[in-house]
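Good morning, everyone, and thank you for making time for this. I would like to walk you through one model slowly, beginning with a whole chain and then moving to smaller parts.

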Amino acid sequence: MTLLRVEGLTKRYGATDVLRGVDLDVDHGERIAILGASGSGKSTLLRCLNFMEMPDAGTVTLDGQAIGRRESELVKLRQRIGMVFQQFNLFPHMTAIGNVMEGLRTVRRFGKAKARARAETELARVGLADKAETYPAHLSGGQKQRVAIARALAMDPELLLFDEPTSALDPELVGEVLTVIRSLAEEGRTMLLVTHELGFAYHVATRVIFLADGTIHEQGTPDEVLKRPRKERTQSFLARHKEFSL
Amino acid sequence: MRWDFASVFDNTDALLVGAAGTLRIFAICLVLGLSLGLVVGLGRYARSRWAYVPATIFVEFFRNTPVLVQILWFYFALPILLPFSISPLAAASLGISLNSAAFSAEIYRGGIQSIDRGQWDGARAIGMSWAQAMRRIILPQALKRMTPALTNRAIEIFKMSTLASAVAYVELLQQGKLIASLNFNPIEAYTAVAVIFFVFLWPLVQFTYLLERRLRRDE
C-alpha cells in the first residue's frame, strides 16, 4: 500500500534544474536507498519530501492526502515525517534528553513527566540511556547522530528520511549509527536513505534508486542496481565507488 | 585648593532622590528599549517587506539622529503638534528607549543571523512552527551570543539617563547641577555624581561577566 506518492517533483536553483520531474511511490515498510553523484539532487529530493525545500512544481501525497503549501499544513506534515541530517543539527543548548523531549513538549504539548518517560525510552533504544544529561558538545559524532535519531523517533514518524547520516562521521563511528538504522529497518519502519555506504544499502534497502541529472536514472532491487546495473552511468558511478575498496 | 565633600554630604537627600530617578528611567528604558529592539530586530530579519521596510526606516532614523535632540524634540516639539503635554520622564524615556531599540535591533538581527541554518532545519524537521523554532531554539542560542553586546547596551542606557537632565528630569546629574549651583562646589558635586555612577555600574558589569560564564555551561 502506498504511503507516500511523489509526482512531477521539480526544483530549480537559479538557472540550474536540480530536480526535473521526479515520480516516486513509497509503500509501507519499504526501505529505499538513494544513490547518486554529488550534485545529482539526492539531498534536494529528500528535503522536498517534507518541504524543507519548497519544490517549484509537483505534488506530494501522504497516505492519500495531497499536501498543500500553507505553512500550517507543512508543519503538520513534518510532524509525521522524521528527518536525520548529515550534520546532526542537535540543539546545543539542551542536553541529550532535552533534545529528544523538545518536540514532544513544544509541538505535541506533552507534560514534562510523560515527555521525559518517552524520551528515555527512545534514548535507550539508541543505546544512550546513560548520556541523557550530557550536552551535545560532550558527545562523539556517532552519539550525536544517535541522539538525533532518537529525537526523530520520539515524534512517532510514519516515514523516516536520512540525509547522509554517516557522511560527517569518523570511519570508526559509522558502524554504531548504521547498527541503529538497521534495527529500525528490522522493525519494519518505512525509510528513505541518502547514503554513500553501498554495502549498507545493499544489505538493508528493499529498493535502490540511482539519481542522475535530477531524475531517477535507474531503480530496482539492491541486487539489480548494485550488482547488475543496466545503465552505463550507474555502472561508472559504482565503478568509481569500488575503485579503492578492498 | 581644598576638596570639601562636606557640602556634598550635606545634600545626601537630594542625591538619593536623584539616584532613585536615575534607576527609574534606567529600568523603563532598559525594558522598553531592549524589548522594542527585539521586535524591530525580528522585523529587520524578516523576509516580508511589510516588516522589513518599516523596521529599517525606524533603525536608520533613530541611529542617525542624536538622542539629546530626540529628547528635546519630544519635550518641546511634540506637545505643539499633539494636543497634550508630555512629562520630562516620558520625553527622556521615549528618546532613550527608541534610540536603544534601534541599536539593539541590529544586535538582535546579527545574533539571530549568526545561528547556523541547521538549527532551523532541526527545529522544523520535528514540526515546529517559525515562532516555536525562534522562541525555543534560535533565540536562546542567539541571546547567549548577544549577551556581551546587550550588556554594553544596558551600560549605555544607564549613562544616557543623564541626558534627561536637559529637560530637568530629576536624576543624578540634575541633582549634581543643583548642588553645585547652590554651594558653588562643582568639583565635589560632579565628582560625587561620577563616583555614584561608577559604584552602580561596576557591580552590574561584574554580574554580567558572571552571567556570561554561567551561560557557557553547555559548552
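Before we look at chain A, we need one term: the radius of gyration is taken here over C-alpha atoms, and the rule for a globule is 2.2 Å times the number of residues to the power 0.38. Please also keep in mind that this is a predicted model.

So what radius of gyration does chain A have, beside that of a compact globule? Because a compact globule with 246 residues would have a radius of gyration near 18 Å, and chain A has 18 Å, the two agree. Along its principal axes, the C-alpha trace of chain A spans about 55 × 45 × 35 Å, and 47% of the 246 residues in this chain are buried. If we take the contacts in chain A between residues at least 6 apart in sequence, 64% of them join residues at least 24 apart.

The secondary structure of chain A comes to 9 helices and 10 strands, and I would like to pick out one sheet. Here 4 strands of chain A form an open sheet in the order S2-S1-S4-S5, with antiparallel pairing. At the edges are strand S2 (16-27) and strand S5 (65-66) of chain A, each of which pairs on one side only. Strand S4 of chain A, residues 57-62, is joined to S5(A) by 2 bridges, and Leu62(A) has Gln65(A) in S5(A) as its bridge partner. Helix H1 of chain A, residues 42-49, lies across S1, S2 and S4 of that chain, running at about 60° to S2(A).

Let us turn to where the two chains touch. The contact takes 21 residues from chain A and 17 residues from chain B. On the chain B side, the elements that give two or more residues are helix H6 (117-125) and helix H7 (130-160), and H6(B) provides the largest share, 6 residues. By type, the residues on this side of chain B divide into 5 nonpolar, 7 polar and 5 charged.

Finally, we come to helix H9 of chain B, residues 186-215. With 30 residues, H9(B) reaches 43 Å from its first C-alpha to its last, close to the 44 Å expected at 1.5 Å a residue. Which residues of H9(B) are buried? They are Ala189(B), Ala192(B) and Val193(B), and the buried residues of H9(B) pack against helices H1 (6-9), H2 (12-45) and H8 (172-183) of chain B. In general, an α-helix has 3.6 residues a turn, so residues three or four places apart point the same way.

Note on methods:
Residues numbered from 1 in each chain as written. Chains lettered and ligands numbered in written order. Predicted model: local features only at pLDDT ≥ 70, side-chain atom pairs only at ≥ 80, totals over all residues. Expected span 1.5 Å × (residues − 1). Buried ≥ 20, exposed ≤ 12 C-beta atoms within 10 Å, placed from the backbone. Contact = placed C-beta atoms within 7 Å. Nonpolar A, V, L, I, M, F, W, Y, C, P; charged D, E, K, R; others polar. Pairing = 2+ DSSP bridges. Axes fitted to C-alpha atoms, helices over the stretch in contact; angles between N-to-C directions.
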